[in-house]
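This report describes selected side-chain contacts, strand pairing and helix packing. Please consult the sequence and the structure alongside the text.

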Amino acid sequence: MGETETITVAEVSDGTGSVGTAGTDVSLPAVELLTGRGFVTGKSGSGKSNTASVVIEKLLDRGFPVLIVDIDGEYYGLKEKYEILHVGDDEECDIQVNAEHAEKIADMALRNNVPIILDVSSFLDESEAAELLTEVAKHLFAKEKKLKKPFLLVVEEVHEWIPEGGGLGECGRMLIKVGKRGRKHGLGIMGISQRPADVKKDFITQCDWLCWHRLTWRNDTKVVKRVLGSEYADAVEGLADGEAFLVTDWAERTQRVQFQRKTTFDAGATPGLEDFERPDLKSVSEDLVGELQSITEDEREREDRIEELERELQRKERRIEILERDLEDARDLSRMADQFAEALFDHPGRSRMQLRRDREAERVDSEQATLEENPGLVDATGEAEGEPAGGTPAVESDVPWPDPPTEERDRAAPATTAPGPAVAETDGSGAASGTNGTGARPEGQSSGGRILGSDGSETGDRPLVERVRTLLSDLDPGARRLLAEYRADGPSSPVDAHVAAGGEGDRTTAYSHNSALREAGLIRHAGRGQYAYALPDLVSAAHDGRLSEDEEREVVAAIERDLLD
């Protein structure tokens, strides 16, 4: 394309602002139209859409492609003469498209030289239309950085996208970007609006050619006065249909011109009483439609797959709910069994685990007494007959919590043949936690096995504190955060607590962490699918209820310190 190539679009008109002889042709440089920034305005019926169509037809006649953003569905008449691809959301379009097709649309327009009507008039959701236009403009801008091919983007009712009042959306910001920076890449823009007062002035002031058709609203004529002067502001109200003041950077003066009439079907004309006949429209290549159709089919396959996965997820969620109810029912039965065992064996307050420990302790006492009375039962290896290698089987334990209270440990301990000093239980530093041979307790230790801290405060039962702290430190960090959330905010569902603790709401992870806490006894079921913090209850049970509330709080605090804070 030559730099001096022009298109004739109008002729000089008589009246205010007329320059030259009336009837003289008015031509515009093609390269300036394609790469520049234009603004065509005028009230409804003044001829602004006709002017835009004339410019488009003249460019198409020379083989220059354009992309038209049609907000009112009135540009399909171009298909009467030109092979132009009509895309949008309407069934009358050549193909229905959305934002997924944006890159392909831009590629076809620039690389394949295909003129396109982007019809957004039939989108019921304005956000979908804005998203489609935004993505198309983005891809045009990005591709033009490399191609640098003269190309014109025509935007109808531009005030809808870049309004003067209120903030700009992503679409408006993208169009402003094209207006400010598109020229150096070869991407031009022509905005059309019947309300110049409503168009962001940042766009109008960037334009290097403008057409002012008839305007009568005071706010609009004020814009004309500001741009052209008071003489033109008064005259613009009396312009005839198709007349306009043409202002360009390449001409010295404003011209009063009469634009030519478009040659294709005027789909934007106001309907009259005469019969309406839709013209024969040119069809586009099936190959072009096929390229976009493949994107549509791929998208449908993805949507079908997503729906299938969502249904599968719903089935699994229902299954999880059923299993959770079954698990809670089993726990209820287990609690009922505990209560029945307590009543049957007259062991108030003892769980089945404690009953098993009592029975195991009784068995050990009985076997020890038998061995003392009958030394011959021990063979040369030191193992009792009938006893498996390795000694007495370990007592079954349901959860990794501390030993039973003192009287239970005393009853479970093997009998000794002679009295002697008690064996002191020690911590990691070697300090005794039991009594000395006189029955007196070491300095710094209170009765009941509780340890005094360096400041004299009680930190609770040291074996209990150390054992539970070890258990907590071994937990997955996510499980500890979940436990801290239960402690801070009270009963909650696993998923809600997981999200509040910083997780992403994944049910599998939430229930995995919740299961670890529940099996360890650190939380308890609180009804209706919610769980609550249970460490204080566990501490109380471990001491058989003999600690005061303050003492229990001290033990809990010693366990939690640095791990849940």
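## Basis of the description

A residue is called buried under 20% relative accessible area, exposed over 50%, and partly exposed in between, with a 1.4 Å probe and protein chains only. The structure is a predicted model, in which local features need pLDDT of at least 70 and side-chain atom pairs count only at pLDDT 80 or more, whereas totals for chains, interfaces and linings use all residues. Residues are numbered from 1 along each chain as its sequence is written, and side-chain values use heavy atoms, with hydrogens and water left out.

Helices (H or I, at least four residues) and strands (E, at least two) are DSSP runs, numbered from the N terminus.

## Salt bridges

Side chains of opposite charge can pair when their charged atoms come close. With a salt bridge defined as a side-chain nitrogen of Lys or Arg within 4 Å of a carboxyl oxygen of Asp or Glu, the whole structure contains 21 salt bridges. One of them joins the side chains of Glu 103 and Lys 143, with an N to O distance of 3.8 Å. This pair connects distant parts of the chain, 40 residues apart: Glu 103 belongs to helix α3 (residues 102-111) and Lys 143 to helix α4 (residues 126-147). Glu 103 is partly exposed at 43% relative accessibility, while Lys 143 is buried at 14%.

A salt bridge also forms between Arg 218 and Glu 237, whose closest N and O atoms are 3.8 Å apart. Arg 218 lies in helix α7 (residues 218-227) and Glu 237 in the loop between α8 (230-235) and β11 (243-248), so the contact ties together parts that are 19 residues apart in sequence. Arg 218 is partly exposed, at 49% relative accessible area, and Glu 237 is partly exposed as well, at 30%.

Within helix α9 (residues 286-345), the side chains of Glu 328 and Arg 331 form a salt bridge of 3.5 Å, N to O. These two residues are separated by about one helical turn because they are 3 residues apart in α9. Glu 328 is buried, with a relative accessible area of 13%. In addition, Glu 32, Arg 37, Arg 183 and Asp 208 belong to one network, joined by salt bridges that share partners.

## Cysteines

The search of the whole structure yields 0 disulfides, a disulfide being a pair of cysteine sulfur atoms within 2.5 Å. Cys 207 is buried at 9% relative accessible area, and Cys 211 is buried at 1%.

## Strand β7 and its partners

Strand β7 (residues 116-119) is covered on both faces: Ile 116 and Leu 118 are buried on one side, and Ile 117 and Asp 119 on the other.

Two strands pair if DSSP finds at least two bridges between them. Strand β4 (residues 66-70) pairs with β7 in the parallel sense over 4 bridges, and Leu 67 stands opposite Ile 116. Strand β5 (residues 85-88) also runs parallel to β7, joined to β7 by 4 bridges, and here Leu 85 stands opposite Ile 116.

## Packing of α3 and α4

Two packed helices are described by the angle between their axes and the distance between the axes. Axes are lines fitted to C-alpha atoms, for helices over the stretch in contact, and angles run from 0 to 180 degrees between N-to-C directions. Helices α3 and α4 pack at an angle of about 45°, with their axes 8 Å apart. They are therefore oblique to each other; angles under 35 degrees count as roughly parallel, over 145 as roughly antiparallel, 65 to 115 as roughly perpendicular and the rest as oblique.
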